[in-house]
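Colleague: Hey, I've got a new model open and I'm a bit lost. Please walk me through it, starting wherever you like.

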Amino acid sequence: MKEVSLSLPKGLNGSTAADLIRQYGSPIYYYDTATMERQYGLLKDAFAEVPLKINYACKALTNINVLRFFRSLGSGLDTVSIEEVKLGLRAGFEPSDIIFTPNGVSIEELCEAAELGVRVNIDSLGMLEQFANRMGSDYPVCIRLNPHINAGGNSKISVGHIDSKFGISIHQTRHLERLVKKLGIKVEGLHMHTGSDILDVDVFLRGAELLLEVAREYKDLRYIDFGSGFKVAYSDQDIATDVAEMGEKMTELFQSFCKEYGRMLQLEFEPGKYLVSEAGYFLCEVNAVKTTTATVFAQVNSGLNHLIRPMFYDAYHHISNLSRPEGKPRVYTVVGYICETDTFASDRLIPEIQEGDVLAFHNAGAYCYAMSNNYNSRLRPSEVWLHREKLQLIREREELSDLLARQVELEEL
Ligand SMILES: *Cc1c(COP(=O)(O)O)cnc(C)c1O
């Protein structure tokens with residue numbers, strides 16, 4: 001583990017934010033590709049001694065330009081729906097560079113992905129049998145195991161626990177082996193993903209060891225995918241997964257496994273948050289500052305429609321006042337304009353806020369735009385990125401016509 005302090009990227013300050021808002025409206029998502037590239041590089045460096053494949057888990061942020069950017073870095077793609085598979089193909093990924101890791105989808109969806117040539121990762125015994133029957137048992141598959149390791153803190157984002165719906169339980173490996181043998185299924189990969197926010201590298205390693213123990217039984221493996229869950233810092237002095245420490249320990253574990261196995265395999269990870277969380281900022285404006293007997297509310301022109309993580313997961317997002325960074329800190333409760341309780345932050349120290357100020361929410365790259373919606377008939381914001389020192393619009397803000405686009409307006413009622 002290591003402590004991290006938060007900062008704003010060089011190009012983002014009150015006057016650049018005001019310019020952006022003038023040009024593209026408000027609120028707005030802002031991403032910085034240099035940060036994405038830095039994160040990708042840190043992971044690559046930590047595993048320099050093994051054949052490593054990083055598959056960007058694109059559900060974190062699916063803008064097609066972000067997919068293309070990761071492809072340009074040499075990344076593969078981790079997808080969880082047939083739509084993401086198709087976005088990946090459109091972004092130019094080779095089918096073999098895309099892995100489809102869904103949960104609870106239909107056999108038709110799984111076969112459709114296989115027919116497009118992407119790698120499929122199967123997460124139940126029943127689905128494995130159906131898939132082999134449909135596609136033939138020599139269609140190579142990856143199998144998602146659940147080692148029931150809980151390496152993280154927040155139970156809402158952990159998927160490795162014993163009653164989790166994800167993966168085939170590590171306690172069912174005998175059953176799995178019998179099924180694979182009976183149908184002659186070609187298993188080319190094994191996978192685990194314990195969920196977000198690994199706090200303890202050693203606990204994660206324990207899961208990896210369990211997966212490798214199962215791997216001994218499969219002779220046709222090409223890769224082992226250890227999923228993701230790399231934690232990044234969300235607040236000042238927060239702890240993050242120490243990827244250098246993890247790289248060192250995992251490299252040792254993986255190399256000794258491969259030696260025993262008889263050949264070198266590919267080690268894969270599929271990070272989302274680690275690659276894009278810190279690269280994103282959500283900029284919005286303060287509509288009103290409202291003092292009540294209990295607190296001072298800062299009401300912004302957004303809500304759970306644009307950034308739902310604080311309400312959905314109790315996630316902490318650091319807030320900077322771009323308009324008044326040197327202002328005297330005061331305590332605010334930052335809320336949205338949606339007709340629900342949509343509190344971004346309670347009793348938070350923020351440099352003095354005045355109406356019209358621009359606030360920046362940090363860590364807005366992962367699971368923020370991707371989870372946005374049109375509740376209260378509000379429009380989704382635009383997305384811009386700073387790419388090779390150029391600011392570019394990568395998604396236009398929605399208009400009223402987008403809300404009506406798929407509605408069938410009947411002539412007569
Ligand atoms: C969501 C997801 C990831 C990415 O998780 P992060 O915490 O964003 O790194 C990786 N693999 C699978 C299967 C996922 O569902």
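Modeller: Let's start with K231, which counts as buried at 9% relative accessibility. Buried means under 20% relative accessible area, exposed means over 50%, and partly exposed is in between (1.4 Å probe, protein chains only). Before we go on: this is a predicted model, where local features need pLDDT of at least 70 and side-chain atom pairs count only at pLDDT 80 or more, while totals for chains, interfaces and linings use all residues. Residues are numbered from 1 along each chain as its sequence is written, and side-chain values use heavy atoms, with hydrogens and water left out.

Colleague: Ok. What does K231 form a salt bridge with?

Modeller: With D238, and the closest N and O atoms are 3.0 Å apart. A salt bridge here is a side-chain nitrogen of Lys or Arg within 4 Å of a carboxyl oxygen of Asp or Glu. D238 counts as buried too, at 17% relative accessibility. There's also a network: salt bridges with shared partners join D202, E245 and K249.

Colleague: How many salt bridges does the structure hold?

Modeller: It holds 15. One of them is between the side chains of E112 and K86, at 2.8 Å from N to O. That pair links distant parts of the chain, with E112 in helix 5 and K86 in helix 4, 26 residues apart.

Colleague: Are those two buried or exposed?

Modeller: In between: E112 counts as partly exposed because its relative accessibility is 31%, and K86 as partly exposed at 41%.

Colleague: And how about a pair within one helix?

Modeller: Try E209 and R206, whose side chains meet in a salt bridge at 3.0 Å, N to O. They sit three residues apart in helix 8 (residues 201–215), so about one helical turn separates them. E209 is partly exposed with a relative accessible area of 31%, and R206 is partly exposed at 41%.

Colleague: Back to helix 5 for a sec. Which residues are buried in helix 5?

Modeller: Helix 5 covers residues 107–115, and its buried residues are I107, E109, L110, C111, A113 and A114. They pack against helix 4 (82–90), strand 5 (98–100), strand 6 (119–122) and helix 6 (125–135). Contact means heavy atoms within 4.5 Å. Just after helix 5, G117 takes a positive phi of about 95 degrees.

Colleague: How many helices and strands are there in the protein chain?

Modeller: You'll find 12 helices and 20 strands. Helices (H or I, at least four residues) and strands (E, at least two) are DSSP runs, numbered from the N terminus. The radius of gyration of the chain is 23 Å, close to the 22 Å that the globule rule gives for 413 residues, so the chain is as compact as a globular protein of that length. That radius is taken over C-alpha atoms, and the rule is 2.2 Å times the number of residues to the power 0.38.

Colleague: Any other whole-chain numbers?

Modeller: A few. The C-alpha atoms fill a box of roughly 70 × 60 × 40 Å along the principal axes. Of the 413 residues, 55% count as buried. And of the contacts between residues at least 6 apart in sequence, 69% join residues at least 24 apart. For one distant pair, look at E252 and V50: they are 202 residues apart in sequence, yet 9.4 Å apart in space, C-alpha to C-alpha. E252 is found in helix 9 (residues 243–261) and is exposed, with a relative accessible area of 59%.

Colleague: New topic. How many disulfides does a search of the whole structure find?

Modeller: Zero. A disulfide is a covalent bond between the sulfur atoms of two cysteines, and the search asks for a pair of those sulfur atoms within 2.5 Å.

Colleague: Why is there no bond for C284?

Modeller: The closest cysteine sulfur, in C368, is 12 Å from the sulfur of C284, which is too far for a bond. C284 counts as buried, at 0% relative accessibility. For C339, the closest cysteine sulfur is in C284, 17 Å away, and that is too far for a bond as well. C339 counts as exposed, at 66%.

Colleague: Last one: which residues make the nonpolar surface patch?

Modeller: V408, L410 and L413, and the patch is about 440 Å². V408 lies in the segment after helix 12 (400–404), and at 72% relative accessibility V408 counts as exposed. Patches use residues with over 30% relative accessible area and no salt bridge, joining like charges within 9 Å and nonpolar side chains (Val, Leu, Ile, Met, Phe, Trp, Tyr) within 5 Å.

How values were computed:
Areas by Shrake-Rupley, 256 points an atom, 1.4 Å probe, with all protein chains shown as cover.
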